[in-house]
Amino acid sequence: MPGAFWCIVEDDRLGSPKKVMAEVVGEASRLAGQMGAQAEAVWLTDKAAPEGVKLLGELGAKRIWLLENEAFGAYRGEVWTPVVAELAAKESPQAILAPVTTRQREMMARLAARLGAGLSADSTALALEDGKLVATRPVYAGKLLSRVTWSKAPWLVTLRPNVFRPAEPRADAAAQVERPAVSIPAEGMKLVERREEAATGLPELAEAEIVVSGGRGLKGPENFVILEALAKVIGAAVGASRAAVDAGWRPHRFQIGQTGRTISPKLYMGFGISGAIQHLAGMRTSKVICAVNKDPEAPIFKIADYGIVGDLFEVAPLLTAEFKKLFEK
Ligand SMILES: Cc1cc2nc3c(=O)[nH]c(=O)nc-3n(C[C@H](O)[C@H](O)[C@H](O)COP(=O)(O)OP(=O)(O)OC[C@H]3O[C@@H](n4cnc5c(N)ncnc54)[C@H](O)[C@@H]3O)c2cc1C
């Protein structure tokens with residue numbers, strides 16, 4: 001049997017795989033099935049919840065390489081990478097897939113270097129052609145799509161969230177759990193400070209199905225509450241343009257664009273954002289784009305499916321009120 005299609009698990013740090021893993025495992029199973037191989041999960045964690053293990057099996061992972069150790073609690077590239085590389089050298093997977101998240105982005109690049117393998121980062125489509133994986137990834141701020149293939153295995157790929165079809169969990173499916181012995185690198189670093197993010201009650205930007213985003217047109221950090229009120233009603237995450245981030249109105253992790261996060265929600269709503277090419281690079285693959293801008297010539301209207309020419313300070317509260325009525329019915 002050909003080597004397995006590995007899925008590196010991104011978890012919520014409470015012991016369960018994140019929602020995006022349904023997409024990664026779904027895609028790995030689809031491709032592996034075409035080659036007569038199987039999808040497997042590789043999970044580095046300090047504590048895996050039994051429901052998390054069960055879910056990976058139900059999503060289609062046939063085997064879970066469970067690396068449970070307190071050293072894996074906080075992500076550290078120099079600890080995780082050699083562990084995954086050692087396991088890969090022993091088990092020879094055909095492909096290694098991971099979602100585009102902050103830590104997997106780094107870990108996969110490190111892993112590719114360590115294994116001397118190729119990596120297609122931020123891929124938006126995958127296919128097998130003549131027995132070889134071909135990945136599609138946007139380049140030049142989404143202006144072009146490049147096709148990537150590999151001269152040798154393992155094929156390393158990161159997958160853009162909300163693009164690939166998620167696997168439907170099957171209650172009768174279960175994974176075999178392996179706990180391989182690996183050498184864990186001695187700690188080269190000491191944890192001096194730990195920051196826990198306060199829960200906002202809103203979904204995470206990269207995974208959210210709806211994103212409401214604000215730009216310079218919001219005029220100040222205090223006005224983001226207008227977008228947060230809307231986001232709460234429709235279950236959206238709140239993002240920002242670089243102008244808003246550079247002005248110190250939102251932390252950088254909320255920035256959408258070329259030098260921020262790439263998102264592909266079902267619905268993107270931009271408020272007071274002009275639509276600079278670097279912003280579009282991070283959201284142009286959204287399924288439906290709605291823009292609110294008082295300037296009818298704003299470039300964002302060129303790619304918007306729905307455009308509202310108006311003052312966001314009037315439009316956003318009106319939308320919030322209308323959505324409230326809709327959801328309260
Ligand atoms: C190397 C590089 C990387 C970059 N990376 C990024 C990136 O990752 N992400 C990113 O976003 N940008 C990025 N930029 C910056 C980018 O070029 C733009 O400067 C930025 O996106 C502009 O942000 P904005 O749309 O919020 O502001 P502006 O371009 O100033 O637009 C504000 C808009 O708000 C509208 N407006 C004002 N008041 C109202 C109102 N009351 N109601 C409705 N509309 C209103 C205006 O008509 C205007 O269209 C990058 C630039 C460079 C050079």
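Here is a short walk through the sheet of this structure and two helices that pack on it. Please keep in mind that the model is predicted.

Let's begin with the sheet. Strands of a sheet pair through backbone hydrogen bonds, either parallel or antiparallel. Here, seven strands form an open sheet with parallel pairing, and their order is β5-β9-β4-β1-β2-β3-β10. At the edges are β5, residues 119–123, and β10, each of which pairs on one side only. Going from one strand to the next, the twist averages 20°.

To see one pairing in detail, look at β1, which spans residues 5–8 and is joined to β2 by four bridges. These two strands run parallel. One bridge partnership you can find is that of Ile 8 with Val 42 in β2.

Now for the helices. Helix α2 packs on the sheet, where it touches β2, β3 and β10, and its direction makes about 160° with that of β2. Helix α3, residues 77–91, also packs on the sheet. The strands touched by α3 are β1, β2, β3 and β4, and the direction of α3 makes about 165° with that of β1.

Let's return to α2 for a closer look. This helix covers residues 50–59, and its buried residues are Gly 52, Val 53, Leu 56, Gly 57, Glu 58 and Leu 59. What do the buried residues of α2 pack against? Their partners are helix α1 (21–35) and the strands β2 (39–45), β3 (63–68) and β10 (176–178). After α2 comes Gly 60, with a positive phi near 130°.

Notes. Residues numbered from 1 in each chain as written. Predicted model: local features only at pLDDT ≥ 70, side-chain atom pairs only at ≥ 80, totals over all residues. Heavy atoms only, no water. Buried < 20%, exposed > 50% of the residue type's maximum accessible area, 1.4 Å probe, protein only. Contact = heavy atoms within 4.5 Å. Pairing = 2+ DSSP bridges. Axes fitted to C-alpha atoms, helices over the stretch in contact; angles between N-to-C directions.
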